[in-house]
Amino acid sequence: MEFAPLIIIAVVVLVPLIWFVTTYNRFVKLRNHCTEAWSNIDTELKRRYELIPNLINTVKGYAKHEKELLEEVTRLRQVCMSDNGSPAQQSATENMLIQGLKKLMVVVENYPDLKASTNFLQLQNELTNTEDRIQAARRFFNGNVRENNNLIQGFPSNIIAGMFGFKEQEFFEVEDAAVRVAPKVNL
């Protein structure tokens, strides 16, 4: 029975210590997951940026009088490529590029020969696949950000976050007005 006080003291000291270490390690793990997920988004965005000049050149051959729009999409691509800010800052520039690409695709509808071009169809398919991959990477990143922010905001883990300077992350949100508009049904 002489060991009972030692066991109680060990439990009182070890349990909080184990919790402290595991919570700290969880913060580190989530921070690294967020960094990795952002890297995945960055890779897919670069892939998009590489496809855009080919798409523009293909459209340029068919739609010579759409010069302003083509120049605008090219300019927006450059803005996005040079934007290395926070996810919120990059979201804003990416939204502008997405809108420019949507306008470009609407213009393409006026050129049946272009829509039938094998090269254009291949580029359009690659861009669509890339957009899908960006969306998947964005969901993965935002899921990690949510977990990180929940842990930082929750008690008592917020104490460890404050002690070691763990910060909340920003979500990478791309606005797509079409997704938020209720469909119109005509009966």
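Is Cys-34 buried or exposed? Cys-34 is buried, with a relative accessible area of 2%. The legends below describe close-up views of a predicted model.

**View 1. Two buried cysteines, Cys-34 and Cys-80.** Cys-34 has a relative accessible area of 2%, under the 20% cut-off, and is therefore classed as buried. Cys-80 is likewise buried, and its relative accessible area is 2%. A search of the whole structure for disulfides returns zero. Cys-80 belongs to the α2 residues that make the contact with α3.

**View 2. Helices α2 and α3 cross at roughly 155°.** Helix α2 covers residues 67-82 and helix α3 residues 87-108, and their axes come within 9 Å. The angle is over 145 degrees, and the two helices are therefore roughly antiparallel to each other. The crossing of α2 past α3 is left-handed. On the α2 side the contact is made by Leu-69, Leu-70, Val-73, Leu-76, Arg-77, Val-79 and Cys-80. On the α3 side the contributing residues are Thr-93, Glu-94, Met-96, Leu-97, Gly-100, Leu-101, Lys-103, Leu-104 and Val-107.

**View 3. Surroundings of Thr-93 in helix α3.** Thr-93 is buried, at a relative accessible area of 11%. Apart from neighbours within four places in sequence, Thr-93 is in contact with Val-79, Cys-80 and Asp-83. Thr-93 and Cys-80 are 13 residues apart along the chain, and their C-alpha atoms are separated by 5.7 Å.

**View 4. Helices α1 and α6 cross at roughly 65°.** Helix α1 spans residues 4-62, and helix α6 spans residues 157-164. Their axes come within 10 Å. The crossing angle makes α1 roughly perpendicular to α6, and the crossing is right-handed. From α1, the contact is made by Trp-19, Phe-20, Thr-23, Tyr-24 and Phe-27. From α6, Ser-157, Ile-160, Ala-161, Met-163 and Phe-164 take part.

**View 5. Surroundings of Ser-157 in helix α6.** Ser-157 has 7% relative accessibility and counts as buried. A polar atom of the Ser-157 side chain lies 3.1 Å from the backbone oxygen of Gly-154. With neighbours within four places in sequence left aside, Ser-157 is in contact with Trp-19, Thr-23, Phe-27 and Leu-151. Trp-19, Thr-23 and Phe-27 are among the α1 residues in the contact with α6.

Note on methods:
Residues numbered from 1 in each chain as written. Predicted model: local features only at pLDDT ≥ 70, side-chain atom pairs only at ≥ 80, totals over all residues. Heavy atoms only, no water. Disulfide = S-S within 2.5 Å. Buried < 20%, exposed > 50% of the residue type's maximum accessible area, 1.4 Å probe, protein only. Helix = DSSP H or I, 4+ residues; strand = E, 2+ residues; numbered from the N terminus. Polar contact = N/O pair within 3.5 Å; in protein donor to acceptor, adjacent residues only side chain to side chain. Contact = heavy atoms within 4.5 Å. Axes fitted to C-alpha atoms, helices over the stretch in contact; angles between N-to-C directions. Parallel < 35°, antiparallel > 145°, perpendicular 65-115°, else oblique. Left-handed = near helix turned anticlockwise from the far one by under 90°.
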